[in-house]
Amino acid sequence: MTASMSAPHKLAVVLLSGGLDSMVVAGLALERGFRLLALTIDYNQRHRVELDAARRIAAALGVERQLVLPLDLRAFGGSALTDEINVPRAGEGDTIPVTYVPARNTIFLSLALGWAEAMGARDLFIGVNALDYSGYPDCRPDFIAGFEQLATLATKAGVEGEPFRVQAPLLHLGKADIAREAARLGMDAGLSWSCYDPAPGPAHCGICDSCRLRAMAFSEAALPDPTDYADPR
């Protein structure tokens, strides 16, 4: 992976969940010349296996430091990922699905912002995209712009003339484009994890919404899918 000289030696915090999107975002940040601090949130999510994927990705990319921060959002509930609510398996509908975790990206970016300010980083990378995003409100361009403004207003660095940048390079990409970016960057997409409802063992379920999007991405990109699906339909 060849680093761009657009931001040589700058430090950035990347939210690294262990999913394909966050993996590609981390790769793009490295390509742009950033040194990376990887923040992974252990929010007691149903798909805790993604934490292992995040560790594998961090090691493969050689990030300077990975922080796995515990934050038990099961105390709040309100989502199929943090509560006793069934994960949808019927495909996406017209409403925000129950896999939406209340204010998750706002919470995660706030934590990334605090770590970035403490470490002297001024760039935050997050793997949201506004096309194949299941209707989540915190994956939209307006949210990213709004949080960037908040970050500058809410921090010592910001009010002293060092604004923060929230970089979301996948914002206007579809899942197939993201799979292509992983291939272009020479990344092993098999290190990542997408399934929201994993069964015991190493396989993705193959039928939750997130698995459907993942399988569709590799198919539409005409790339081999490295994923083991328990139900490959």
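In this predicted model, the strands β2 and β3 run parallel and are joined by 6 bridges. One point along this pairing is easy to find by eye: Ala-38 stands opposite Gln-66 in β3. The two strands belong to an open sheet of 5 strands, which follows the order β3-β2-β1-β4-β5 with parallel pairing. At its edges lie β3 (65–70) and β5 (165–167), each of which pairs on one side only. Direction ignored, neighbouring strands of this sheet are turned against each other by 25° on average. As a general reminder, the strands of a sheet pair through backbone hydrogen bonds, either parallel or antiparallel.

A helix accompanies part of this sheet. Helix α1 lies across three strands, namely β1 (10–15), β2 and β4 (123–125). Relative to β2, α1 runs at about 160°.

Helix α1 and strand β2 also appear in the description of the interior. A search of the whole structure finds 1 cavity of 30 Å³ or more, and the volume of this cavity is about 710 Å³. Its lining is made up of 37 residues. For readers who would like to look into the cavity directly, Ser-17, Asp-21, Arg-104, Gly-127 and Tyr-196 are the lining residues nearest its centre. The elements that give two or more residues to the lining are α1 (20–31), β2 (34–42), α3 (104–119) and α7 (209–220). Of these, α7 provides the largest share, with 4 residues. Sorted by class, the lining holds 16 nonpolar, 13 polar and 8 charged residues.

Aromatic contacts complete the picture. The search of the whole structure for aromatic pairs finds 4. One pair worth a look is that of Tyr-100 and Tyr-136, whose ring centres are 6.1 Å apart. The planes of these two rings stand at 50°, so the pair counts as tilted, given that planes under 30 degrees apart would be stacked and those over 60 edge-to-face. This pair links distant parts of the chain, as its two members are 36 residues apart. Tyr-100 sits in the loop between β3 and α3, while Tyr-136 belongs to the loop between β4 and α4 (141–154). The Tyr-100 and Tyr-136 pair thus connects one loop that follows the edge strand β3 with another that follows β4.

Note on methods: Residues are numbered from 1 along each chain as its sequence is written. This is a predicted model: local features need pLDDT of at least 70, side-chain atom pairs count only at pLDDT 80 or more; totals for chains, interfaces and linings use all residues. Side-chain values use heavy atoms; hydrogens and water are left out. On a 1 Å grid over the protein atoms alone, a cavity is a set of points where a 1.4 Å probe fits but cannot get out, and a pocket is an open set with protein on both sides within 12 Å along at least five of seven lines; lining residues have an atom within 4 Å of a point. Grid points are joined across faces, edges and corners, and a volume is the space filled by probe spheres set on the points. Ala, Val, Leu, Ile, Met, Phe, Trp, Tyr, Cys and Pro count as nonpolar, Asp, Glu, Lys and Arg as charged, and the others, Gly among them, as polar. Two strands pair if DSSP finds at least two bridges between them. Axes are lines fitted to C-alpha atoms, for helices over the stretch in contact, and angles run from 0 to 180 degrees between N-to-C directions. Contact means heavy atoms within 4.5 Å. Rings of Phe, Tyr and Trp (its six-membered ring) pair if their centres lie within 6.5 Å; planes under 30 degrees apart count as stacked, over 60 as edge-to-face and the rest as tilted.
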